[in-house]
Amino acid sequence: MRFRARHACLIAAICLIRTSTLAQETAPGGVRDGEQAALASKPPSTFTTQALQAFAKTLPIGDREDFDLIQRGFLATAPDGKLLNPDGQPVADVDSDAFFKQSAPPTVNPSLWRNAQLLEKHGLFEVANRIYQIRGFAISNMSVIVGDTGYIIVDPGSEAEAFTGLKLLYEHVGKKPIVGVIYTHSHSDHYGGVRGVISDEDAAARKVPVIAPEGFIKEILSETVIAGPAMSRRAAYQFGFGLPVTATGNVNIGIGPQIKPIGAAPAGGDAPSRRRLPIAPTHEITQTGETLTIDGVRFEFQMAPNTEAPAEMFFYLPDFKALCLAEDANGTLHNALPARGALVRDTKSWANALGEAIRRYGDRTDVLFTSHFWPHWGQNKIVDYLANQRDAYEYLHDQSVRLMNDGLTGPEIARTIRYPDTLAAKWYNHEYYGTLSHNSRAVYQRYMGFYDGNPAHLDPMTLTEEASHYVEALGGGARVLELAKAAIGKGDDRWAVDLLNKLVFADPANRAAQLTLADVYEQLAYRAESSTWRNGYLEAVTELRRGPVEPRRAAPFAGLAGLPTDLLLDAVAVRLAPDRARDAAFAFTISDPETDKNQVVQVRNSVLVHEDASAPLVGAPILKLTAAQFHAALTGEGQPTLSADDHALVRRFAALFDGPLTNFAIVTP
């Protein structure tokens, strides 16, 4: 196996950008006189009730197969429904049986409620001989393959999930060492809990193989360091981290349960507690058909890049006739572009990857398991399931492009495209996570970008500028509020949202507009089949009802400790404040005594540029610093050996940077 020492250095120290819950980040604005009733959750409106009743009639309620699948192989679950940390302390509560056993509340879409009931089933399950899963303890599943002498862990999602799951495994299957770790792709809910199953020291001492797809580290950096701050703030809306698990709050995350924390932070999935990165990969899979044997178990890999994640792979176990399709096959339509933000995913490649899996493994697969949802058994049922999911992504891609080539813009495509009945009738093609509306616009964006070709949109006004003109043209704020309330009375909530959103941005002090908009968003949340939409609407409700968000800025170099020097410089480059750097000119070399590498660093034209160099920059200062020492010098938290002049140079350089905002307003100016 190829070991990448560079990755070992990197992975040991990158920290995930914190995703704080709205409750943590937003201080309540205080209850103003007469606002008590306005701040409370509202019951469903007549229009909401009618919409949900009509929607329920479209659902294939008689198809109960999934309820049988989630029970199959169940062995045990966490005592008292509590997840434990490695110290044995309870950190999360997964005991939601009473809540989810009731019929769908009138404030939750019945299809989303069904999805939440299914995903709530938790514990240790036997998938097949020598294959087990821990499900319902985090957003994602942790799978376990029994080798000749120990356990091979696939996608440890959170430390609490991993620790509690292994405890159950040891009790019901037997205690054995961890002999391998596989990360199927580069999202944190599939690697964040690895230290719940094995320590860095034990992995290194026993040479435990850690397998990941090519580009795994690069894509983690892209999401968690470069774009991490903004993406983390948006993730709070997508996942509803600040919402309580109630009939008027968060019911789940679409692809997994919303874990209820005991204490300050959630314990599962992409939750805020996910701040530690995985143990370093010792081997990256680079091509389809590559094989490995780990502890006597044969693996055959299929690459699936640029599908659900930029770095993703599947694997087949020929000795068990078992196929793992990571996160490309699900119990829901997935996202071509998550609401939290990400690189736009290639739905054509996604469909092709599923098609290739059918061709390569379909006629020799008896069991299919994935990183979310529940397994499927039986060759014919598996192939039918995969083919219908493949067709869903292919249809999404092809019809979005067809409409694009007919001149429709992204929003127009979203209002036009619908699945044929044969695909729409499948529960696993429903919109619990991704939606046709968002996904079709993502396809348009992938090919055409954000510009729709209309010159009116070449140089658009900001929302605040546009809103001010809009409100003035309609006769002022009182008139706009009157029109919005009239629209609400007619059930025309989309028009009401447009009016009120403009008024909120035109007049940030208009409390009546904020609270009325919150009420409309709440009704839209109740109707949404998509957990992403429901959570987004309800987080907006919270922001509007609480009052102004108080932005807080992180320290300039927070979250960057332990990065290799070149990647540390990549990360700080996007934090450089151009006004501060306008008249600054820096040129120096960082010479790392540990790696014998040089990084030539320059600041010019308010841009930080750096590159590897065979020799230091002639005539410029040379800072003999390791990556850790350079970070310590930037933060002022360490005392690396530097001359007074060099120390002053680093301090002047450090003063050019701002930390990112840890929160910012989304639905208010």
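This passage describes the nonpolar cores, one buried threonine and two helix pairs of a predicted model.

The largest nonpolar core of the predicted structure comprises 38 residues. Within this core, the residues with the most contacts are Ile145, Phe299, Phe315 and Leu317. The element that gives the most to the core is strand β13, spanning residues 297-303, with four residues. The surroundings of Phe315 were examined with residues up to four places away in sequence left out of the count. On this basis, Phe315 touches Ile145 and Phe299, both of which are also listed among the residues with the most contacts inside the core. The other residues touched by Phe315 are Val154, Ile182, Thr184, Glu300, Phe301, Ala322, Leu323, Cys324 and Phe369. A second core, separate from the largest one, holds 35 residues, among them Tyr132, Leu166, Tyr191 and Phe216.

Thr435 is situated in a loop, with α15 (421-424) on one side and α16 (436-448) on the other. The relative accessible area of Thr435 is 3%, and the residue is therefore classed as buried, the limit being under 20%. A polar atom of the Thr435 side chain lies 3.1 Å from the backbone nitrogen of His438. When neighbours within four places in sequence are set aside, the contacts of Thr435 are with Leu333, His334, Ser530 and Trp533.

Two helix pairs were also analysed. In one pair, helix α18 (residues 477-489) packs with helix α19 (residues 493-506), the axes being 8 Å apart and the angle about 160 degrees. Because angles over 145 degrees count as roughly antiparallel, α18 and α19 are assigned to that class. Their crossing is left-handed. On the α18 side, the meeting residues are Gly477, Val480, Leu481, Leu483, Ala484, Ala487 and Ile488. These are met in α19 by Asp493, Trp495, Ala496, Leu499, Leu500 and Leu503.

In the other pair, helix α4 (residues 46-56) and helix α20 (residues 511-527) have axes that come within 9 Å and cross at roughly 15 degrees. This angle makes α4 roughly parallel to α20, since the class covers angles under 35 degrees. The crossing of α4 past α20 is right-handed. Phe47, Thr48, Ala51 and Leu52 are the residues of α4 that take part, and their partners in α20 are Gln523, Tyr526 and Arg527.

Technical notes
Residues numbered from 1 in each chain as written. Predicted model: local features only at pLDDT ≥ 70, side-chain atom pairs only at ≥ 80, totals over all residues. Heavy atoms only, no water. Core = buried A, V, L, I, M, F, W, Y, C linked by side-chain atoms within 4.5 Å. Buried < 20%, exposed > 50% of the residue type's maximum accessible area, 1.4 Å probe, protein only. Contact = heavy atoms within 4.5 Å. Polar contact = N/O pair within 3.5 Å; in protein donor to acceptor, adjacent residues only side chain to side chain. Axes fitted to C-alpha atoms, helices over the stretch in contact; angles between N-to-C directions. Parallel < 35°, antiparallel > 145°, perpendicular 65-115°, else oblique. Left-handed = near helix turned anticlockwise from the far one by under 90°.
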